[in-house]
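I opened this entry to keep track of what I looked up and in what order. The headings follow the topics I went through.

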Amino acid sequence: MTQTAAEREEPVGSPPQDLSGEQLRWMYRRMLLIREFENTAQIRFEAGEIAGFLHLSQGQEAVPVGTCAALREGDTITSTHRGHGDVIAKGCDVKRMFAELYGRTTGYCKGKGGSMHIADFSQGIIGANGIVSGGLPIALGAALSCQMRNTDHVTVCFFGDGATAEGGFHEALNLSTLWQVPLIFVCQNNLYGLSQPWEETAFQCDLPERARTYHMPAECVDGMDVITVYGAVARAVNRARRGEGPSFIEAKTYRFLGHYVGDPATYMDQEEREGWRKRDPIPRLGRQLREWGYLTDEEAAQIRAEVEEELQAGIEFAKSSPKPPAADALSDVYVHFDHHGEPR
Amino acid sequence: MPKMTMVDALNTALHQEMEQDDSVIVLGEDVAVDGGVFRVTEGLLDAFGEQRVIDTPLAEAGIVGTSIGMAIYGLRPVCEIQFSGFSYLAFHQLESHAARMRWRSRGAYTVPMVLRTPYSGGVRALEHHSESREAYWAHTPGLKMVIPSTPRNARALLISAIRDPDPVIFYEPKAVYRAFREEVPEEEETWPIGKAQVVREGEQLTMISYGAMMRPTLEAADKLAQEDGVEVEVIDVLTIAPLDHETFSESAKKTGRVLIVHEAPRSFGPGAEIVARLVENSFWYLEAPIRRVTGYDVVIPLFAYEKAYLPSADRILRAARETLETPA
């Protein structure tokens with residue numbers, strides 16, 4: 001593989017003590033899977049095979065992957081409208097995700113949820129939604145439940161910078177420290193709320209400072225560096241499992257493309273975009289792994305081939321899955337009971 | 001007369017009202033620099049500056065609450081909620097404050113604001129981005145609820161809404177935004193809020209609809225004329241609250257048969273209220289049960305099911321024929 005500009009830009013540093021080669025390769029593969037899942041979805045959307053809205057996260061992969069690498073079975077997450085990366089990182093199968101995007105019955109939500117609502121409860125994903133602060137109080141409730149049921153599970157709440165201007169943000173942060181719940185707020189700050197630059201949405205743009213006023217540990221990390229994200233989340237998870245309450249992490253990252261597929265994104269400065277592209281988290285980790293002896297060029301090529309094969313199989317699965325009958329549109333609203341109280 | 005899309009027509013209304021009244025302010029998410037995701041507010045920032053065209057953060061309750069305060073103190077805010085499904089974050093401000101301020105202050109304070117927001121299916125989006133919940137607002141005493149159906153009536157109604165002394169929820173049918181062009185006179189034109197419009201005259205059946213559903217309803221009316229030789233009367237509701245029931249019952253007294261079409265869920269939808277008014281005012285003239293063709297009592301589904309959910313010209317035609325065939 002040839003070295004790109006990005007691979008020359010960032011310093012390699014020394015290998016992390018708390019991550020094995022296997023874990024690091026998993027991170028690399030997952031980030032690549034997310035990137036290529038979204039590239040594929042974009043192509044299929046532009047070809048008219050997928051309808052609705054598609055909010056892509058190319059550039060942001062290090063945040064969900066670094067975060068979910070610090071979680072274990074039983075831990076839960078909430079996600080957002082830009083959530084493909086979050087749910088793949090948590091363990092969703094791209095086959096059923098593509099099926100959801102194609103509106104097929106084999107999709108995670110039987111083709112009713114679409115891109116913005118992909119959730120696999122068996123993976124601890126308690127929902128994604130298109131209302132930007134909608135997930136924060138829900139994550140709070142899930143974390144409170146972890147605590148009340150005396151488990152050592154934790155909840156991660158993913159949200160974007162846009163959500164921090166909504167009332168739900170304040171209410172969730174306030175209650176989380178009041179009740180000392182095992183919750184990790186992970187703000188994926190990609191610097192734009194649709195067209196609006198992040199720094200134009202608040203006078204106080206120092207998010208960790210805002211979180212500290214609610215009395216929780218808070219830090220801002222480089223969201224383009226998966227190892228750094230992992231470290232910050234792992235520390236927060238440890239505190240949460242020990243019963244030390246919530247933490248707040250702001251991961252500074254960047255959306256390489258527009259808000260949705262079709263957004264010309266003229267509001268984003270060209271130079272800024274190019275600058276962030278040079279900090280692409282995937283080639284950066286690839287270079288680190290090679291330097292540290294965790295990955296050969298052959299292995300990297302093989303990972304790419306496997307990812308491409310997985311995605312191709314996913315597309316084929318989606319396209320060959322049945323389309324739902326129209327009557328399915330009426331199902332799953334609520335249970336009707338008959339006069340004897342039996343569901344019918 | 002220039003031919004315009006509904007987007008052009010709404011944009012023209014905003015330009016014209018901002019031009020002639022300095023107290024008109026536009027605010028919302030992505031409305032200024034970006035010109036709005038559907039381009040309705042395009043060019044306003046350049047024309048009127050950032051004092052009057054304000055990009056807000058994602059803060060729907062804040063946007064609406066701010067608008068209420070501005071409206072009470074001398075301005076005429078026109079706020080945009082990017083999709084009608086996002087307005088639920090502002091429900092409290094609308095229901096508890098915007099709607100009640102005149103009543104609460106016994107007329108001392110009024111809230112001359114407009115909340116513009118795109119509603120309706122037809123663009124194959126999904127929940128929060130396609131739904132029709134006009135009944136919430138129509139059910140709230142103190143709010144006016146307007147839904148245009150064409151470029152020309154959209155321009156006229158938006159101007160009326162901006163000049164109205166009370167809060168107006170203005171639903172824009174996004175399925176119509178760029179669906180067709182219509183001649184819109186350059187000179188100012190208004191349409192009274194609270195007045196429906198008979199858009200096609202007939203003797204045998206009254207069809208009542210509004211917003212994006214006017215197109216399939218009119219298509220069905222055309223087919224009935226061509227295929228069955230039946231002339232139906234079609235009424236465009238235009239204002240959901242307050243409802244112009246005189247126009248409905250006048251027509252029902254003439255035709256004796258009524259069909260109502262909306263894409264909002266069926267139960268407790270605007271159709272239910274229209275039926276009630278008709279029964280109250282024209283019961284003795286009715287010759288057949290009033291029928292409704294509506295959305296179903298489900299969340300609007302994603303694209304795979306959207307066609308099945310939305311009333312189509314065929315569904316309307318079937319119901320119209322059943323109504324016409326019912327013996328008096």
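The notes below cover the contact between the chains, the domains of one chain, and a few single residues.

**Entry 1. Chain B against chain A**

I worked from a predicted model throughout. I began with the chain contact and asked how many residues each chain puts into it. I found 29 residues from chain B and 34 residues from chain A. Together the two chains bury about 2600 Å², and 68% of that area is on carbon and sulfur atoms.

I then looked for salt bridges between chain B and chain A and noted a count of zero. Polar contacts gave another result: four residue pairs across this interface, with both residues at pLDDT 80 or more.

Which element of chain B gives the largest share of its side of the contact? I wrote down helix α11, residues 303-309, with four residues. I sorted the chain B side by class as well, and it has 17 nonpolar, five polar and seven charged residues.

**Entry 2. B:Asp34**

I picked one charged residue and looked at its surroundings. B:Asp34 sits in the loop of chain B between β2 (24-28) and α2 (44-48). Is B:Asp34 buried or exposed? I put it down as buried, because its relative accessibility is 12% and the limit for that class is under 20%.

I set aside the neighbours within four places in sequence and listed what remains in contact with B:Asp34. From chain A the list holds A:Leu194, A:Ser195 and A:Tyr267. From chain B it holds B:Arg39.

**Entry 3. The two domains of chain B**

I moved on to the division of chain B, which has domain 1 at 3-183 and domain 2 at 197-325. I noted 26 Å between the C-alpha centres of the two domains. In the contact between them, 30 residues of domain 1 meet 24 residues of domain 2.

The two domains of chain B bury about 2000 Å² between them, with 61% on carbon and sulfur atoms. I found zero salt bridges across this interface. I did find 10 residue pairs in polar contact there, both residues at pLDDT 80 or more.

I asked which elements give two or more residues to the domain 1 side. My list reads α6 (134-138), β6 (144-146) and α7 (151-163) of chain B. The residues of that side divide into 17 nonpolar, seven polar and six charged.

**Entry 4. Backbone geometry**

I checked the backbone next, starting with a cis peptide bond in chain B. The bond runs from B:Ala241 to B:Pro242, with omega near 0 degrees. I placed B:Pro242 in the loop between β12 (239-241) and α9 (245-255) of chain B.

In chain A I noted A:Lys110, which is not a glycine but has a positive phi of about 55 degrees. A:Lys110 belongs to the loop between α5 (94-101) and β2 (125-129) of chain A. I recorded A:Lys110 as partly exposed, with a relative accessible area of 41%.

I made a similar note for A:Ala265, where phi is positive at about 55 degrees although the residue is not a glycine. A:Ala265 lies in the loop of chain A between β8 (247-252) and α10 (270-277). Is A:Ala265 buried or exposed? I entered A:Ala265 as buried, because its relative accessible area is 2% and buried means under 20%.

Note on methods
Residues are numbered from 1 along each chain as its sequence is written. Chains are lettered from A and ligands numbered from 1 in the order in which they are written. This is a predicted model: local features need pLDDT of at least 70, side-chain atom pairs count only at pLDDT 80 or more; totals for chains, interfaces and linings use all residues. Side-chain values use heavy atoms; hydrogens and water are left out. Contact means heavy atoms within 4.5 Å. Buried area is the accessible area (1.4 Å probe) that two parts lose on being put together, summed over both. A salt bridge is a side-chain nitrogen of Lys or Arg within 4 Å of a carboxyl oxygen of Asp or Glu. A polar contact is a pair of N or O atoms within 3.5 Å; within protein, one must be able to donate a hydrogen and the other to accept it, and residues adjacent in sequence count only if both atoms are side-chain atoms. Ala, Val, Leu, Ile, Met, Phe, Trp, Tyr, Cys and Pro count as nonpolar, Asp, Glu, Lys and Arg as charged, and the others, Gly among them, as polar. Domain bounds come from an automatic or database domain assignment. Buried means under 20% relative accessible area, exposed over 50%, partly exposed in between (1.4 Å probe, protein chains only).
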